[in-house]
Amino acid sequence: MLAQFLLNYTQMTKRKAKLGKFKKRSICRFCKSRKLIKFLDFGYMPHAGNYLKPWEVGKEYYYPLRIFFCKSCGLIQNLDIISSETLFKNYHYLSSVSLTKHFQEYAEEVKKKFLNENSFIVEIGSNDGVLLSPLLKMGYKVLGVDPAVNVGRIAKKKGINVVFDYFGVKVADRILKKNGKADVILANNVLAHIDNMDNVFSGISKLLKSDGVLIFEVHYFPDLLKMMQYDFFYGEHLSYYNLSTLNPFLNKFNLEIFDVKKMSIHSGSIRVYAKFKTNNKLKIEVSVGKLKKYECGLGHVDEKILKNFDLKIDKHRVNIKRLLLGIKKSGSRIVGYGAGGRANTFLSTCGIGNDILDYIVDESLERQGRFTPGTHIPIVSPEIFRKDSVKYVLLLAWNYKKEIIKKERAFVKNGGKFIVSFPGISMT
Ligand SMILES: [Zn+2]
């Protein structure tokens, strides 16, 4: 870990790269304890969502990326906070690109279980309206809250009313005044991004009806650990959740988890259903006890396990780098596939730059023609890749492995090989 830290630091000084603005937190985001143990240190990393235009290459800002474990409540967290303005004002992640089916089914489930014809639904972090859009079509009154104007505009075009702001007590008050209390509050893949969780949950407890339901999806940390997904650590992700840490936090706001579902989305997530403790109409389902039990056994997280995780990551980084350098040495070229946030963490921390990968293929028009932050690898369209005779592809978007291999079957048919780095290193 130390060697990696020095490497990143040296690279930074060499390039005369600048340290970006960030805020340091000294107490736990959930329980305010100071007993915080650092178990991962990635050194200085560029903001993973900052895809560079050609003239911005080498001018990007760097931020420390360190991951801590709270000894008091167990929350896994990043305490170096990049300003929300830097991260989310222009957000380059559109949920509809790959997740439409997931959210369509989600909307149908919510309808079946919790809605009546007059229900009012609020979604925190509504992105491009991928979940609210089907609910609106079903005839419900919906409202989205999202600070990212560029993606929020897409939701507006679908007819969804969007408040362009960060959700908290103030926004909850504004919604209350105008629309009244909500029957259902949704928040998907957004709680990881929030530093002031107290403010968000105070807002939720004000806005939610006494018999209302809060439903949210978060990445599931025990799965991250099991699959060694260290590429999921980046500046945008401030907290990493499991049930054992979430429930006591929700209790502070008189809320409790009454159901939970494991989801395969993002390589391991949970959909959590919460209600007010005073609401006796909804029973606590067996799923809650089951997952709690899992977290006492195989899904357990403690200091020793986390320190061991750090050692395993080091080994993984060395192995993948060795494999890639071997291929290069034999005279073959390698390109990458999928330039998401995960890819940027992985490339930066493994030191895989434009000396190893000629380019990265990505479907997103917003990313094409740009360069990856820190590693400065050009991002190109799949059409360019399909005309190329390259034989090795490092599959950076490994969580979309099936879809990508299916899409690129001509490459495989011609003898091309996908190098997959997660969960274990393999070649397909
Ligand atoms: Zn804590």
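This report covers two sheets and the helices that lie on them. The model is predicted.

**Seven-stranded sheet**

One open sheet holds seven strands, ordered S9-S8-S7-S10-S11-S14-S13. Its pairing is mixed. Strand S9 (161-163) and strand S13 (255-263) are the edge strands, and each pairs on one side only. From one strand to the next, the twist averages 20°.

At the S9 edge, strand S8 (residues 141-145) pairs with S9 in the parallel sense. Three bridges join S8 and S9. Glycine 144 faces valine 162 of S9.

Helix H7 (residues 197-207) lies across four strands: S7 (120-124), S10 (182-188), S11 (208-219) and S13. H7 runs at about 145° to S11.

**Six-stranded sheet**

A further open sheet has six strands in the order S17-S16-S15-S18-S19-S20. Here too the pairing is mixed. Strand S17 (379-380) and strand S20 (426-427) each have a single partner strand, so one side of each lacks a neighbour in the sheet.

Strand S15 (residues 334-337) and strand S18 (residues 392-395) pair in the parallel sense over four bridges. Leucine 394 in S18 is the bridge partner of glycine 336. Helix H11 (residues 303-329) packs on this sheet and touches S15, S18 and strand S19 (417-420). The direction of H11 makes about 140° with that of S15.

**Helices on the sheets**

| Helix | Strands | Angle |
|---|---|---|
| H7 (residues 197-207) | lies across S7, S10, S11 and S13 | about 145° to S11 |
| H11 (residues 303-329) | touches S15, S18 and S19 | about 140° with S15 |

Technical notes
Residues are numbered from 1 along each chain as its sequence is written. This is a predicted model: local features need pLDDT of at least 70, side-chain atom pairs count only at pLDDT 80 or more; totals for chains, interfaces and linings use all residues. Two strands pair if DSSP finds at least two bridges between them. Helices (H or I, at least four residues) and strands (E, at least two) are DSSP runs, numbered from the N terminus. Axes are lines fitted to C-alpha atoms, for helices over the stretch in contact, and angles run from 0 to 180 degrees between N-to-C directions. Two residues are in contact if their C-beta atoms, placed from the backbone, lie within 7 Å.
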